[in-house]
Amino acid sequence: EDIYYFEAAGNYTYLFTKDGKLLVCENLKACQDKMSGTPILRIHKSYLINMQNVKKWESEQVLLMNDARFSLGRQYKKEARNTYLEFVKDWAQRRR
C-alpha cells in the first residue's frame, strides 16, 4: 500500500511512494516482473500502478489516492480494466 506507482525513465524507473520518489536501477519491465503476484498493474507503456491506491477508474484515465492521474494506454486498457475489476471483486468478497 505504500507504493503509488512506477514511472519509466529510459533504462531506469522512478518509484513513487507515500514517503517520496526513488530512482530504481532497473527498467519498468524488470520492476513489473519483480512485482508479479502483487496488486501492481501495467496501465500504460510508461506506468505501473498499485491497484490498492486507485481512487477512481474512468474509461480513459485512472486517478490515484495521491491525486496522480494517468491515461490508459490503448494496448493495456482492456486487460487492465478487467484485471482491476477482478481485483475489486476479490477485495469485496474478502471483506464479507
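**Entry 1. Surface and overall form**

I began with the surface: the accessible area of the protein chain comes to about 6,400 Å², and 45% of that area belongs to carbon and sulfur atoms. I note at once that this is a predicted model.

I then looked up the secondary structure and found two helices and eight strands in the protein chain. Read from the N terminus, the order of the elements is β-β-β-α-β-β-β-β-β-α. I compared the radius of gyration, 13 Å, with the 12 Å that the globule rule gives for 96 residues; the two values are close, so the protein chain is as compact as a globular protein of that length. Along the principal axes, I recorded a C-alpha trace of about 40 × 30 × 25 Å.

I also asked how much of the chain is buried, and the result was 36% of the 96 residues. Of the contacts with a separation of 6 or more, 33% are between residues 24 or more positions apart. For charge, I noted 17 positive and 12 negative side chains, with the centres of the two sets 5 Å apart.

**Entry 2. The nonpolar cores**

Which residues touch the most other members of the largest nonpolar core? I found that this core holds 18 residues, and that Tyr5, Leu41, Ile43, Ile49, Trp57, Leu64 and Phe70 are the ones in question. I next listed the elements that give two or more residues to this core: strands S1 (3-9), S4 (40-44), S5 (47-50), S6 (54-57) and S7 (61-64), together with helix H2 (77-94). The largest share, three residues, comes from H2.

Apart from this core I located another, of eight residues, with Phe6, Leu15, Val24 and Leu28 among them.

I returned to tryptophan 57 and looked up its contacts beyond four places in sequence. Tryptophan 57 touches Leu41, Ile43, Ile49, Val62, Leu72, Ala80, Arg81 and Tyr84.

**Entry 3. Two asparagines**

Is asparagine 50 buried or exposed? I placed asparagine 50 in strand S5. Its relative accessibility is 2%, and a residue under 20% counts as buried, so asparagine 50 is buried. Leaving out residues up to four places away in sequence, asparagine 50 touches Glu1, Ile3, Tyr4, Pro39, Ile40 and Leu64. I also took the C-alpha to C-alpha distance from asparagine 50 to tyrosine 84, which is 10 Å across 34 residues of sequence.

Asparagine 11 I found in the loop between S1 and strand S2 (12-17). Its relative accessible area is 63%, and the cut-off for exposed is over 50%, so asparagine 11 is exposed. Beyond four places in sequence, asparagine 11 touches Glu26 and Asn27. Lysine 29 is 18 residues from asparagine 11 in sequence, and their C-alpha atoms are 9.7 Å apart.

**Entry 4. The two ends of the chain**

I looked up aspartate 2, which lies in the segment before S1. Which residues does aspartate 2 touch, not counting those up to four places away in sequence? I recorded Phe16, Thr17 and Lys18. The C-alpha atoms of aspartate 2 and phenylalanine 16 are separated by 8.8 Å, with their positions 14 residues apart along the chain.

I then turned to glutamine 93, which is found in helix H2. Its relative accessible area is 48%, and partly exposed covers values between 20% and 50%, so glutamine 93 is partly exposed. From glutamine 93 to methionine 65, 28 residues apart along the chain, I recorded a C-alpha separation of 22 Å.

**Entry 5. A backbone angle**

Where does aspartate 67 lie? I found aspartate 67 in the loop between S7 and strand S8 (69-71). Its phi is positive, about 70°, although aspartate 67 is not a glycine. I made a note of this because most residues other than glycine have a negative phi.

Notes:
Residues numbered from 1 in each chain as written. Predicted model: local features only at pLDDT ≥ 70, side-chain atom pairs only at ≥ 80, totals over all residues. Heavy atoms only, no water. Core = buried A, V, L, I, M, F, W, Y, C linked by side-chain atoms within 4.5 Å. Buried < 20%, exposed > 50% of the residue type's maximum accessible area, 1.4 Å probe, protein only. Helix = DSSP H or I, 4+ residues; strand = E, 2+ residues; numbered from the N terminus. Contact = heavy atoms within 4.5 Å. Rg over C-alpha atoms; globule rule 2.2 N^0.38 Å. Areas by Shrake-Rupley, 256 points an atom, 1.4 Å probe, with all protein chains shown as cover. Lys, Arg positive; Asp, Glu negative; His and termini not counted. Charge placed at Lys NZ, Arg CZ, Asp CG, Glu CD.
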